[in-house]
Amino acid sequence: MSKNYAALASTVITALGGADNVVAVTHCMTRLRFVLRDPARVDGPGLKATPGVLGVVQADNQCQVIIGNTVSHAYREVITLLPADIQPAPVQGNAGFSLRRIGAAILDALIGTMSPLIPAIIGGSMLKLLAMVLSMSGLVEATSPNYIILNAIGDGAFFFLPLMVAASASIKFKTNMSLAIAIAGVLVHPSFIDLMARAAQGEQVTFAFIPVTAVKYTYTVIPALVMTWCLSYIERWVDRITPAVTKNFLKPMLIVLIAAPLAILFIGPVGIWIGTAISGLVYTVHDYLGWLSVAIMGALWPLLVMTGMHRVFTPTIIQTIAETGKEGMVMPSEIGANLSLGGASLAVAWKTRNPELRQTALAAAASAIMAGISEPALYGVALRLKRPLIASLISGFICGAVAGMAGLASHSMAAPGLFTSVQFFDPANPMSIAWVFGVMALSVVLSFVLTLLMGFDDIPAENTERQTDASQALTGARAQASA
């Protein structure tokens with residue numbers, strides 16, 4: 001049954017406090033992400049009761065509305081209801097500093113910057129995997145132009161990732177996008193890359209008598225992100241000190257002249273050290289705990305998705321694959337986590353007597369098992385019914401342990417599912433293929449059985465109808481009140 005996305009968008013905007021309460025909106029694979037002026041105006045219960053909304057996550061002035069795989073349709077309708085020029089939210093006094101606020105701001109910046117880039121990263125990953133499969137099967141030689149071009153197409157999103165990060169971060173930090181891209185472009189310029197390679201071999205490289213640290217910036221996230229954040233302050237400062245008559249040429253020249261050397265000499269190396277430290281911490285835990293770390297991550301992954309913190313691992317995964325060619329902790333844990341949610345949803349579809357819930361569960365199961373997109377199953381089924389979530393967490397732990405013991409590792413960064421299972425194939429270990437499909441089958445079967453054994457409180461069909469009628473009545477009442 002197709003959804004009325006225009007009605008859904010109208011109800012969501014109304015529940016968020018109206019179009020004038022929305023500062024900004026974007027979307028990721030399954031969520032509409034709103035920034036609000038006044039979070040107190042949000043009608044949380046009404047928003048959660050809206051048909052088509054799988055879940056709601058609120059934090060400070062941000063609200064994430066989980067729609068599912070068709071979020072882009074809802075996003076298009078939402079945009080038509082908002083002003084063409086959404087203005088930034090007014091500053092509401094000095095909120096003060098605290099570790100919690102700083103941590104939330106860092107997490108918000110990372111998620112807000114990386115979420116729009118995920119489609120390009122996944123698309124590039126799948127093309128690189130296609131090139132690898134063609135080479136493994138002998139259909140294309142690794143030295144042939146076809147392989148080189150196909151691999152280059154897939155690698156473009158990763159090699160030029162600093163430029164993509166700079167463009168996305170410039171929107172997040174409200175600074176000039178072309179300047180951000182130009183400065184990030186210096187970090188991946190062929191001449192600069194060659195200079196850094198010579199510096200890595202021991203050649204003394206300086207700029208303005210200051211030594212330049214030998215760093216490789218391709219495939220990195222943190223340096224461009226921090227650089228763009230600093231650029232937002234540099235741009236405002238330069239704008240204040242430059243005379244109006246010289247702004248068209250002096251302002252951009254000074255911004256680039258200040259920001260680019262700062263990025264090369266300080267921000268870039270510090271960003272690399274931060275990224276390396278985070279990766280080192282994560283994989284030190286992996287080295288120390290071994291398969292147990294994969295098992296723990298498999299159990300925790302759905303909870304991380306609920307809070308949006310799963311995106312924190314994106315830079316670490318990208319950097320690890322770039323440096324070592326594979327990632328063996330986070331990505332293997334997602335196999336059990338994603339497909340376990342799919343198996344639990346299948347069990348719900350099998351047992352429920354509610355036709356609407358059965359339809360939701362079947363669609364969510366297909367999304368999680370086939371494509372690795374687990375949020376419809378997480379919000380539409382597991383979290384809603386509670387015990388299927390517990391079954392998924394148990395299954396995710398066990399299947400993560402098996403994946404860790406098998407030594408599975410991903411060579412790319414697509415969401416683990418049946419369609420993307422090829423990313424775990426190791427050309428040097430043919431048995432990896434059997435292990436991947438074995439873990440996937442175990443995830444679905446184990447979570448299915450656990451869900452049936454644990455049971456769940458079914459949602460009566462009449463309750464669903466009442467909830468829908470109440471939501472429609474609420475929407476109608478709001479429309480009359482605003483008329």
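How many Å separate the centres of domain 1 and domain 2, taken over C-alpha atoms? In this predicted model, the answer is 31 Å. To place those two on the chain, look at the domain assignment: domain 1 runs over 5-91, domain 2 over 103-280, and domain 3 over 326-454.

Now zoom in on where domain 1 meets domain 2. On one side, domain 1 puts 6 residues into the contact, while domain 2 brings 9 residues. The size of an interface is often quoted as the accessible area lost when the parts come together. By that yardstick, domain 1 and domain 2 bury about 520 Å² between them, with 63% of that area sitting on carbon and sulfur atoms. Sort the domain 1 residues that touch domain 2 and you get 3 nonpolar, 1 polar and 2 charged.

So what about specific pairings? The rule finds 0 salt bridges across the interface of domain 1 and domain 2. Polar contacts come out at 0 residue pairs as well, counting pairs with both residues at pLDDT 80 or more.

Next, the empty space. Rolling a probe the size of a water molecule over the atoms shows where such space is left. Here the structure has 1 cavity of 30 Å³ or more, and the largest cavity holds about 310 Å³ of space. Its lining is made of 21 residues. Nearest the centre of this cavity are Trp301, His310, Arg311, Glu334 and Ala415.

Key: Residues numbered from 1 in each chain as written. Predicted model: local features only at pLDDT ≥ 70, side-chain atom pairs only at ≥ 80, totals over all residues. Heavy atoms only, no water. Domains from an automatic or database assignment. Contact = heavy atoms within 4.5 Å. Buried area = accessible area lost by both parts, 1.4 Å probe. Salt bridge = Lys/Arg side-chain N within 4 Å of Asp/Glu carboxyl O. Polar contact = N/O pair within 3.5 Å; in protein donor to acceptor, adjacent residues only side chain to side chain. Nonpolar A, V, L, I, M, F, W, Y, C, P; charged D, E, K, R; others polar. 1 Å grid on protein atoms, 1.4 Å probe; cavity = no way out; pocket = protein on both sides within 12 Å on 5 of 7 lines; lining within 4 Å. Points joined across faces, edges and corners; volume = space filled by probe spheres on them.
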